[in-house]
Amino acid sequence: MKKVYTHAVVGAGIVGLSVALKLQSLGNNVLVLDKETSPGKHQSGRNSGVIHSGIYYKPNSFKSNLCIRGRALLLEFLEEENIPFRLEGKIVVDTDINKLSSLEERATQLSMENVKVLEKSEILTLEPYCKFDKALHVPQAGVVDYGVVTKKLASKFQSLGGTIEYFQKIKSIKTKNDLKILESNNSIFHSEFLINCAGLYSDNIARLDNVEPELKIIPFRGEYFTIAEEKSHLVNNMIYPISDPDLPFLGIHLTKTVDNKIEAGPNAVLAFAKEGYNWSKINISEFSKTIFYPGMWKLGRRYLSTGISEMYRSLNKDVFLKEILKYIPDITKKDLTPRIAGVRAQAVGKDGSLIDDFVFERKEQSLHVLNAPSPAATASLAIGEHIVKEIG
Ligand SMILES: Cc1cc2nc3c(=O)[nH]c(=O)nc-3n(C[C@H](O)[C@H](O)[C@H](O)COP(=O)(O)OP(=O)(O)OC[C@H]3O[C@@H](n4cnc5c(N)ncnc54)[C@H](O)[C@@H]3O)c2cc1C
């Protein structure tokens, strides 16, 4: 007899597993499907590892609310599960004091305590080698390894009786007799409800479920360098630029990871495949869909020079180095070793807009997470909570 799950979640990333864990803990019988061999193989295991405070996002947006709530839930989870993390704050630097002051005001609106613009002497107490004269201190920021968090979510979910099936690339979705029938390369699964958390492929999965999203996921690779250990004293915690509201993912930052390595990055380079982790990974079919998407032409026209300079920096270590040297001194090319890159699943509208907020599309028997870029790792447990409330 066929087994019917209450919910099938496509995607064993941090978002899919947060949703699955929440549903399973409420007594449902949940199935998670992923095409890979283990959890967190894509964005969830290939990111900056920053626990975001929520200060950057438009108040009352999904990003703002779910990041703030998600950070609180994440910290509880990390404590409970003994997952290493550090919460030592970041400094956000800029040459324009007005930008820093307006972020400080936003922190007040959001009731974030002790966020303040620093004097140069205070900057040097926190980051003795920082070259900027103006900065905002955000003590709520921290670091964790989200790959570890994702694996823990998976094992907790399984310990509550949840099922994860790996090596299952979903290729077709049908609805019959009030059931969702999901067909992979080698099996068929049945569930009453479907939740699509497929990250870079969430638009494709939505289409399989007869949902035509008003957006397309465009893959933007983020590359990093690890700075040599003997230079790790040059950064204590995190030095961040202020993000551009139109291009929120632009601007490399310096981060001391949870295992005390200093990383510089990420840049944002158009990838030639959804999982295009380096220049040589090309998927002609996926890339042609990207470049023939009308939203991509409009985006390209608007930000052509930015796109070209991101590509140039990716191909030229000297340019990346120059960016790092804006923040701190004494780094040379030989201090930089590439680390694994990540690819962001960034939704782009048909009008060429980079869709900033998280996007959830609810249908009768399914819910599709159509845009969950940064800070969705920080927000993941709150996204799980939100989705469970949404589907009732
Ligand atoms: C470079 C970079 C830096 C970032 N930095 C941060 C940060 O510092 N802090 C932060 O909070 N967020 C950060 N983010 C964002 C964060 O990592 C993501 O928002 C989050 O991991 C998204 O999780 P997800 O579960 O939606 O997607 P993913 O982790 O990508 O998971 C999607 C899963 O779906 C599976 N899948 C896809 N298609 C199919 C199919 N057809 N069948 C079966 N399975 C399928 C994939 O194998 C994958 O496991 C960063 C992201 C990137 C890329």
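Helices and strands in this tour are DSSP runs, a helix having at least four residues and a strand at least two, numbered from the N terminus. The model is predicted.

**Stop 1: Ser184**

Select strand β11, residues 179–184; Ser184 belongs to this strand. Ser184 has a relative accessibility of 7% and therefore counts as buried, the cut-off being under 20%. Show its side chain: one of its polar atoms is 3.1 Å from the backbone nitrogen of Asn186. Beyond the neighbours within four places in sequence, the contacts of Ser184 are Gln168, Lys169, Ile170, Lys171 and Phe189.

**Stop 2: Asp178**

Step back to the loop between β10 (170–176) and β11, where Asp178 is found. Its phi is near 65°, a positive value in a residue other than glycine. With 59% relative accessibility, Asp178 counts as exposed.

**Stop 3: Asn82**

Another positive phi is found at Asn82, near 55°, again in a residue other than glycine. Select the loop between α2 and β4 (85–86) to find Asn82. Asn82 counts as exposed because its relative accessibility is 69%, and the cut-off is over 50%.

**Stop 4: helix α2 and its two partners**

Now select α2, residues 62–80, together with α5, residues 146–159. Their axes come within 12 Å and cross at roughly 75°. The two helices are therefore roughly perpendicular to each other. To display the contact, pick Leu74, Phe77, Leu78 and Glu80 on α2, and Tyr146, Val149, Lys152, Leu153 and Lys156 on α5. By class, the residues of this contact are six nonpolar, no polar and three charged.

Keep α2 and add α10, residues 376–391. The axes of α2 and α10 are 6 Å apart, and the packing angle is about 105°. This pair, too, is therefore roughly perpendicular. On the α2 side the contact uses Phe62, Leu66, Cys67, Arg69, Gly70, Arg71, Leu73, Leu74 and Phe77. On the α10 side it uses Thr378, Ala379, Leu381, Ala382, Ile383, Glu385 and His386. The contact of α2 with α10 divides into ten nonpolar, three polar and three charged residues. Leu74 and Phe77 of α2 are worth labelling, as they appear in the contact with α5 and in the contact with α10.

**Stop 5: the nonpolar cores**

Which residues have the most contacts inside the largest nonpolar core? Select Val149, Ile195, Ile383 and Ile387; the core they belong to has 43 residues. At least two core residues come from each of α1 (14–25), β2 (30–33), α2, α5, β12 (188–196), β20 (366–371) and α10. Helix α10 gives the most, with nine residues.

Centre on Ile383 next. Leaving out neighbours within four places in sequence, Ile383 contacts Val15, Leu66, Phe358, Phe360 and Ala376. A second core, separate from the one above, has 25 residues, among them Tyr5, Leu31, Leu194 and Val211. In soluble globular proteins, nonpolar side chains tend to be buried together.

**Stop 6: two cis peptide bonds**

From α10, move to the loop between β20 and α10, which holds Pro375. The peptide bond joining Ser374 and Pro375 is cis, with omega about 10°. The bond joining Gly265 and Pro266 is also cis, with omega about -5°. To reach Pro266, select the loop between β16 (262–265) and β17 (269–270).

**Stop 7: helices α8 and α9**

Select α8, residues 294–315, and α9, residues 317–325. Their axes come within 5 Å and cross at roughly 105°. That makes α8 roughly perpendicular to α9. Tyr312, Arg313 and Leu315 make the contact from α8, and Lys317, Val319, Phe320 and Glu323 make it from α9. Four residues of this contact are nonpolar, none is polar and three are charged.

**Stop 8: Glu113**

Finish at the loop between α3 (97–109) and β6 (116–118), which contains Glu113. Is Glu113 buried or exposed? Its relative accessibility of 59% means that Glu113 counts as exposed. Apart from neighbours within four places in sequence, Glu113 is in contact with Pro139 and Gln140. Glu113 and Pro139 are 26 residues apart along the chain, and their C-alpha atoms are separated by 8.3 Å.

Notes: Residues are numbered from 1 along each chain as its sequence is written. This is a predicted model: local features need pLDDT of at least 70, side-chain atom pairs count only at pLDDT 80 or more; totals for chains, interfaces and linings use all residues. Side-chain values use heavy atoms; hydrogens and water are left out. Axes are lines fitted to C-alpha atoms, for helices over the stretch in contact, and angles run from 0 to 180 degrees between N-to-C directions. Angles under 35 degrees count as roughly parallel, over 145 as roughly antiparallel, 65 to 115 as roughly perpendicular and the rest as oblique. Contact means heavy atoms within 4.5 Å. Ala, Val, Leu, Ile, Met, Phe, Trp, Tyr, Cys and Pro count as nonpolar, Asp, Glu, Lys and Arg as charged, and the others, Gly among them, as polar. A nonpolar core is a set of buried Ala, Val, Leu, Ile, Met, Phe, Trp, Tyr and Cys residues joined through side-chain atoms within 4.5 Å. Buried means under 20% relative accessible area, exposed over 50%, partly exposed in between (1.4 Å probe, protein chains only). A polar contact is a pair of N or O atoms within 3.5 Å; within protein, one must be able to donate a hydrogen and the other to accept it, and residues adjacent in sequence count only if both atoms are side-chain atoms.
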